[in-house]
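Subject: Structure handover

Hello,

Please find the structure below, with notes on what turned up in it. The notes follow the sequence and the model.

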Amino acid sequence: MTLSRHFGIPFNAALLSAAFFSFGVSSADALPQAGQSRETGQVRQTEKDAPRKVQAPSLEDLYARLKASEDDAEAKGISRLIEQRLGRSGSATADLLTERARQAMSGRDYALAVELMDRATTLEPQWAEGWNRRATVFWLLTDQTNAVADLQRTLVLEPRHYEAWAALGRIYLSMDDKRRALDAFRRAAAIYPRMEKLQSAIDRLVPEIDGRDL
């Protein structure tokens, strides 16, 4: 999905599979329509048999479930649903540009990918994932300054973007700024505690950084 692909997370927001969760139903059943029997028993049967509308969980609900999950597979499924939500720009044109940028990246044409993501973020400047994806391209171009700037922009728009926090931590680590890296990793872990490889990265840094204050 993003720069954090290099940390075990895919670039594309349209992930390979989706998890199914029970999120409840609408608070009221459908009422009998015109032409149906007025007999009480028939009406009750109609209401009973009427399909219930399943309400999609809010992004807030998904983040809460992600934080509370105690199972790796369940957490990964929830994270995929979150990434699918974040991957929707709301613009067909921006989505098309982003897909073409992904294809350019697959062909290692990073200059074209940057140009395409420039257009996408210009069209949808409030789309956090657009900036996150452009950061990926800058990282592949070894442009750490612009990658960090785009990740920071992502986090202004969506402070719960755990992939952006993890990616920011990796960049700081590559710059040997271990204190900032640890802080970024911890922020990602506070949102997605079971994120793959994240805790091990924190465990490696804690003795070196926090131990200095003892």
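**Helix packing and ring contacts**

Helix H9 passes helix H10 in a left-handed crossing. This comes from a predicted model. The axes of the two helices, H9 and H10, come within 9 Å and cross at roughly 140 degrees, which makes H9 oblique to H10. On the H9 side, the contact is made by Lys178, Arg179, Ala181, Leu182, Phe185, Arg186, Ala188 and Ala189. H10 contributes Leu198, Ala201, Ile202, Leu205, Val206, Glu208 and Ile209.

The loop between H9 and H10 also takes part in a ring contact, through Tyr192. A search of the whole structure finds one aromatic pair. Its members are Tyr162 and Tyr192, with ring centres 5.0 Å apart. The planes of these two rings stand at 80 degrees, so the pair is edge-to-face; the cut-off for that class is over 60 degrees.

Where do the two tyrosines sit in the chain? Tyr162 lies in helix H8, which covers residues 162-174. Tyr192 is in the loop that runs between H9 (178-191) and H10 (198-209). The pair therefore ties together parts that are 30 residues apart in sequence.

Are these side chains buried or exposed? Tyr162 has 2% relative accessibility and counts as buried. Tyr192 is buried too, with a relative accessible area of 5%. For both, the limit that applies is under 20%.

One more ring is worth listing. Arg153 lies over the face of Trp131, at 4.3 Å from the ring centre.

Regards

Key: Residues are numbered from 1 along each chain as its sequence is written. This is a predicted model: local features need pLDDT of at least 70, side-chain atom pairs count only at pLDDT 80 or more; totals for chains, interfaces and linings use all residues. Side-chain values use heavy atoms; hydrogens and water are left out. Rings of Phe, Tyr and Trp (its six-membered ring) pair if their centres lie within 6.5 Å; planes under 30 degrees apart count as stacked, over 60 as edge-to-face and the rest as tilted. Helices (H or I, at least four residues) and strands (E, at least two) are DSSP runs, numbered from the N terminus. Buried means under 20% relative accessible area, exposed over 50%, partly exposed in between (1.4 Å probe, protein chains only). A charge sits over a ring if NZ of Lys or CZ of Arg is within 6 Å of the ring centre and within 35 degrees of the ring normal. Axes are lines fitted to C-alpha atoms, for helices over the stretch in contact, and angles run from 0 to 180 degrees between N-to-C directions. Angles under 35 degrees count as roughly parallel, over 145 as roughly antiparallel, 65 to 115 as roughly perpendicular and the rest as oblique. A crossing is left-handed if the near helix is turned anticlockwise from the far one by less than a right angle, and right-handed if clockwise. Contact means heavy atoms within 4.5 Å.
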